Amino acid sequence: DASGAIVAVVGVGQDISEKKQAEQAKAALADDLARLIDTANAPIFGIDIKGAVNEWNQMTVSLSGYSKEEVIGKNLLDDFIMPEYKASVKEVLENALNGLETANYEFPLFTKHGTRREILLNATTRRDAFGSIVGVVGV
């Protein structure tokens, strides 16, 4: 009113039902994709741009003997690749980090218990939603 006392309140509301539904659908899709990767019948691992492991699916656990908890955050080259193969694996991973993907690269992986496994690797560049390179996915 004229004396400055509040006499009414005006509120504005907005229906955000569709936005909430879209967010729920996006979260469900992300969960489905994560489950697909984790349960795939092929070994799948991921590294970030510094080489730290950020994905290690169940088949990779089975083949390597290393649990996901043992590898997440550790450097793939430094901690899991034998010295005589580090240079060649590093080249494949660095190429993928520069957008040059490699298919059918063979290298031996030694398991936690010392067993040699022959691995056929496809190193694929991993990008974020804006197209920036954020790592490598190996299958």
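This section describes the fold, the nonpolar core and several individual residues of a predicted protein model.

The protein contains 5 helices and 5 strands. Read from the N terminus, these elements follow the order α-β-β-α-α-α-α-β-β-β. The radius of gyration is 23 Å, whereas the globule rule gives 14 Å for 139 residues; the former is well over the latter, so the protein is more spread out than a compact globule. Along the principal axes, the C-alpha atoms occupy a box of roughly 85 × 30 × 25 Å.

Of the 139 residues, 25% are buried. The protein exposes an area of about 9400 Å², and 54% of this area is supplied by carbon and sulfur atoms. Among contacts with a separation of 6 or more, 34% are made by residues 24 or more positions apart. The protein carries 14 positive and 20 negative charges, and the mean positions of the two sets are 4 Å apart.

The largest nonpolar core comprises 21 residues. Within this core, the residues that touch the most other members are I47, W56, L76, V89, L93, F107 and L121. Two or more residues of the core come from each of β1 (45-48), β2 (53-56), α4 (76-80), α5 (83-97), β3 (102-110) and β4 (116-127). The largest contribution is that of α5, which gives 4 residues. For W56, contacts beyond the neighbours within four places in sequence were computed with D38, I44, F45, V61, S64, Y66, S67, K68, V71 and L76. Of these partners, L76 is also listed with W56 among the core residues that touch the most other members.

Helix α5 also holds A96. This residue counts as buried because its relative accessibility is 0%, and the cut-off for burial is under 20%. With neighbours within four places in sequence left aside, the contacts of A96 are A123, T124, T125 and V136. The C-alpha atoms of A96 and T60 are separated by 20 Å, and the two residues lie 36 residues apart along the chain.

Two further residues belong to the region of helix α1 and the loop that follows it. R35 is located in helix α1, which spans residues 17-39. Its relative accessible area of 48% places R35 in the partly exposed class; the exposed class begins over 50%. R35 is 68 residues away from A103 in sequence, with a C-alpha to C-alpha distance of 24 Å. A40 is situated in the loop between α1 and β1. A40 is likewise partly exposed, at a relative accessible area of 22%. Apart from neighbours within four places in sequence, A40 contacts N57 and M59. A40 and N57 are 17 residues apart in sequence, and their C-alpha atoms are 7.6 Å apart.

In strand β3, N104 was examined for its backbone conformation. The phi angle of N104 is near 60°, a positive value in a residue other than glycine. Most residues other than glycine have a negative phi. With a relative accessible area of 51%, N104 is exposed, since the class requires a value over 50%.

Notes:
Residues numbered from 1 in each chain as written. Predicted model: local features only at pLDDT ≥ 70, side-chain atom pairs only at ≥ 80, totals over all residues. Heavy atoms only, no water. Rg over C-alpha atoms; globule rule 2.2 N^0.38 Å. Buried < 20%, exposed > 50% of the residue type's maximum accessible area, 1.4 Å probe, protein only. Contact = heavy atoms within 4.5 Å. Areas by Shrake-Rupley, 256 points an atom, 1.4 Å probe, with all protein chains shown as cover. Lys, Arg positive; Asp, Glu negative; His and termini not counted. Charge placed at Lys NZ, Arg CZ, Asp CG, Glu CD. Core = buried A, V, L, I, M, F, W, Y, C linked by side-chain atoms within 4.5 Å.
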